[in-house]
Amino acid sequence: MKLAMLNCLKSNTVCTGAACLRAFLQREKSFADYTEESVELVAFMRCNGCGKPVEKDAGMLEKMDRLKSIGVDVVHLGVCTKNNGVECDTITRIAQCLSQRGIKVVRGTH
């Protein structure tokens with residue numbers, strides 16, 4: 001199984017990705033379901049930021065198409081710590097677009 005992680009761009013100010021990667025490598029928290037499965041982490045990315053409709057963001061569309069082309073099965077979404085743990089509209093819309101491409105979306109990384 002091929003897996004990717006997507007986090008909010010706003011989280012870049014405080015997030016190194018270390019907790020996400022640790023949770024993945026130790027198969028804990030939202031990755032606990034993969035303990036008996038061979039999983040390859042093939043992408044770790046951020047959104048392109050707020051304010052631009054995802055459907056008109058050529059860069060984000062290219063990223064999602066790239067995930068599909070490399071055979072990503074599931075994308076785990078991280079929640080922006082700057083947003084009090086609430087998923088933003090941009091991440092919600094990206095999740096919908098990923099689902100439309102046949103990529104499973106799981107909310108949570110650690």
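Me: Two strands count as paired if DSSP finds at least two bridges between them; given that this is a predicted model, what makes β1 and β2 a pair?

Reply: The model joins β1 to β2 by 6 bridges, and the cut-off is at least two, so the two strands pair, and they run parallel. Individual partners can be named as well: L3 has L41 of β2 as its bridge partner, while K2 stands opposite E40 in that strand.

Me: What handedness does the crossover between β1 and β2 have, and which helix does the chain pass through on the way?

Reply: The chain leaves β1, passes through helix α1 (residues 18-25) and arrives at β2, a β-α-β crossover that is right-handed. The name rests on viewing the strands as pointing away from the viewer, in which case the path from the first strand over the helix to the second has to run clockwise.

Me: How do you know that β1 also pairs with β3?

Reply: Here 4 bridges link β1 (residues 2-7) to β3 (residues 74-77), and since the requirement is at least two, these strands pair too, again running parallel. On this side of β1, A4 stands opposite V75 in β3, and M5 stands opposite H76 in β3.

Me: What is the order of the strands in the sheet, and which of them are called edge strands?

Reply: The sheet is open and its 4 strands are arranged as β2-β1-β3-β4, with parallel pairing. The edge strands are β2 (40-46) and β4 (104-107), for each of them pairs on one side only. Neighbouring strands are turned against each other by 25° on average, with direction ignored.

Me: Which helices pack on this sheet, and what are their angles to the strands?

Reply: Helix α2 (residues 58-69) packs on the sheet and touches β1, β2 and β3, its direction making about 175° with that of β2. Helix α3 (residues 89-100) likewise packs on the sheet, touching β1, β3 and β4, and its direction makes about 150° with that of β4. In total the protein has 3 helices and 4 strands, which follow the pattern β-α-β-α-β-α-β along the sequence.

Me: Why is β1 described as mostly covered?

Reply: Of the 6 residues in β1, 5 are buried, and buried stands for a relative accessible area under 20%. For the protein as a whole, 39% of the 110 residues count as buried.

Me: Why does T90 count as buried, and what does it touch?

Reply: T90, which has its place in helix α3, has a relative accessibility of 13%; the cut-off for buried is under 20%, so the value falls on the buried side. Leaving aside residues up to four places away in sequence, T90 touches G49, C50, G51 and V54.

Me: Why does I103 count as buried, although it is found in a loop?

Reply: I103 lies in the loop between α3 and β4, yet its relative accessibility is 2%, and since buried means under 20%, the label follows from the value. Residues up to four places away in sequence aside, the contacts of I103 include M64, L67, V75 and L98. One of these, L67, is 36 residues from I103 in sequence, while their C-alpha atoms are 8.6 Å apart in space.

Me: Why is K29 called exposed?

Reply: K29, in the loop between α1 and β2, has 57% relative accessibility; the limit for exposed is over 50%, and therefore K29 counts as exposed. The phi of K29 is near 55°, a positive value in a residue other than glycine. R27 is found in the loop between α1 and β2, and its phi, near 50°, is also positive in a residue other than glycine.

Me: How do you know that the radius of gyration agrees with that of a compact globule?

Reply: A compact globule with 110 residues would have a radius of gyration near 13 Å, and because the protein has 13 Å, the value agrees. The C-alpha atoms fill a box of roughly 40 × 30 × 20 Å along the principal axes. The protein exposes about 6,100 Å², of which carbon and sulfur atoms supply 49%. Among contacts between residues at least 6 apart in sequence, 74% join residues at least 24 apart.

Key
Residues are numbered from 1 along each chain as its sequence is written. This is a predicted model: local features need pLDDT of at least 70, side-chain atom pairs count only at pLDDT 80 or more; totals for chains, interfaces and linings use all residues. Side-chain values use heavy atoms; hydrogens and water are left out. Axes are lines fitted to C-alpha atoms, for helices over the stretch in contact, and angles run from 0 to 180 degrees between N-to-C directions. Contact means heavy atoms within 4.5 Å. The radius of gyration is taken over C-alpha atoms; the globule rule is 2.2 Å times the number of residues to the power 0.38. Buried means under 20% relative accessible area, exposed over 50%, partly exposed in between (1.4 Å probe, protein chains only). Accessible areas come from the Shrake-Rupley method with a 1.4 Å probe; for residues, only the protein chains shown count as cover.
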